[in-house]
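Here are a few exercises to work through with the model open beside you. Try each task before you read its solution.

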Amino acid sequence: MIGGWGLGVNKVEPCEVALDRADPDGFLLAGRYTLLDHRQALAGLMPKAEARGAGIVVGGPYNSGILAGGEHYEYQTATPEIQARVDGLKAVAAEFGVDLRAAALQFPLAHPAVAAIIPGASRPGRSAENLALAAAPIPAGFWQALRDRDLIAPEAPTPRG
């Protein structure tokens with residue numbers, strides 16, 4: 001007997017189709033509700049999932065490493081457009097003394113439809129590091145500055161500062 005079911009995908013559309021046609025319990029959504037890439041999910045999937053009680057597990061909140069100091073987005077070298085957006089995020093983080101990795105972990109968790117995140121760990125010590133980053137204080141002004149500079153959607157829920 002199946003106690004619950006859902007999808008594990010890296011695109012928003014299959015999740016929306018599943019919600020329109022069936023009654024899934026949740027989704028593993030990789031890289032599509034992150035500090036860097038969230039607008040499409042926020043526009044449709046997230047409110048639908050929240051209304052239906054379908055939890056979202058966000059995989060890849062560092063977007064293939066680019067939000068953790070790497071050079072890759074979608075498992076390849078980031079385009080100049082993506083790099084420019086990341087540079088904007090880094091600039092605001094530096095202005096507020098915020099570790100961008102902490103913001104990348106905390107941002108998706110602020111949405112009520114998000115049940116968990118899977119940041120991944122390249123070595124054993126990363127798990128403890130990720131836990132500390134997920135609990136690091138981030139001032140409310142940081143999130144507002146991201147909104148003011150159009151780096152996050154105005155309607156995106158953010159952690160309390």
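**Exercise 1: the sheet.** How many bridges join β2 to β3, and do these strands run parallel or antiparallel?

*Solution.* Start with the ground rules. This is a predicted model, where local features need pLDDT of at least 70 and side-chain atom pairs count only at pLDDT 80 or more, while totals for chains, interfaces and linings use all residues. Residues are numbered from 1 along each chain as its sequence is written, and side-chain values use heavy atoms, with hydrogens and water left out.

Step 1: count the links. β2 and β3 are joined by five bridges and run parallel. (Strands are DSSP runs of E with at least two residues, helices are runs of H or I with at least four, and both are numbered from the N terminus; two strands pair if DSSP finds at least two bridges between them.) Within this pair, alanine 30 has glycine 59 of β3 as its bridge partner.

Step 2: widen the view. The open sheet has four strands in the order β1-β2-β3-β6, with parallel pairing. β1 (6-9) and β6 are the edge strands with a single partner each, so one side of each has no neighbour in the sheet. From one strand to the next, the twist averages 15°.

Step 3: add a helix. α2 lies across β2, β3 and β6 and runs at about 135° to β3. (Axes are lines fitted to C-alpha atoms, for helices over the stretch in contact; angles run from 0 to 180 degrees between N-to-C directions.)

**Exercise 2: the core.** Find the largest nonpolar core: how many residues does it have, and which of them have the most contacts inside it?

*Solution.* Step 1: get the terms straight. A nonpolar core is a set of buried Ala, Val, Leu, Ile, Met, Phe, Trp, Tyr and Cys residues joined through side-chain atoms within 4.5 Å. Buried means under 20% relative accessible area, exposed over 50%, and partly exposed in between (1.4 Å probe, protein chains only).

Step 2: read off the answer. The largest core has 47 residues, and Leu35, Leu45 and Leu67 have the most contacts inside it. Elements that each supply at least two of its residues include α1 (12-21), α2 (39-52), α3 (80-96) and β6 (114-118). The largest share, six residues, comes from α4.

Step 3: zoom in on one hub. Setting aside neighbours within four places in sequence, leucine 45 is in contact (heavy atoms within 4.5 Å) with residues including Val12, Leu19, Phe27 and Ile56.

Step 4: check α6. Its buried residues are Phe142, Trp143, Ala145 and Leu146. They sit on the same side of α6 because they cover an arc of only 160° around the axis, taken from the directions from the helix axis to the C-beta atoms. The buried residues of α6 pack against α3 and α4.

**Exercise 3: charged pairs.** Which parts of the chain does the pair of aspartate 20 and lysine 48 tie together?

*Solution.* Step 1: recall the idea. Side chains of opposite charge can pair when their charged atoms come close. A salt bridge here is a side-chain nitrogen of Lys or Arg within 4 Å of a carboxyl oxygen of Asp or Glu, and the whole structure has nine of them.

Step 2: place the pair. Aspartate 20 and lysine 48 meet at 3.0 Å, N to O. Aspartate 20 is in helix α1 and lysine 48 in helix α2, so the bridge ties together parts 28 residues apart in sequence. Aspartate 20 is exposed at 54%, and lysine 48 is partly exposed at 30%.

Step 3: try another. Glutamate 74 bridges to arginine 32, with the closest N and O atoms 2.6 Å apart. Glutamate 74 is in the loop between β4 (72-73) and β5 (76-77), arginine 32 in the loop between β2 and α2, 42 residues apart. Glutamate 74 is partly exposed at 32%, whereas arginine 32 is buried at 8%.

**Exercise 4: a buried asparagine.** Where is asparagine 130 placed, and with which residues is asparagine 130 in contact, leaving aside its neighbours within four places in sequence?

*Solution.* Step 1: asparagine 130 is in helix α5 (residues 125-135) and is buried, at 8% relative accessible area.

Step 2: beyond those neighbours, asparagine 130 is in contact with Tyr62, Leu105, Pro119 and Gly120.

Step 3: follow tyrosine 62, which lies in the loop between β3 and β4 and is buried at 10%. With the same sequence neighbours left out, the contacts of tyrosine 62 include Leu67, Leu105, Pro119 and Asn130.
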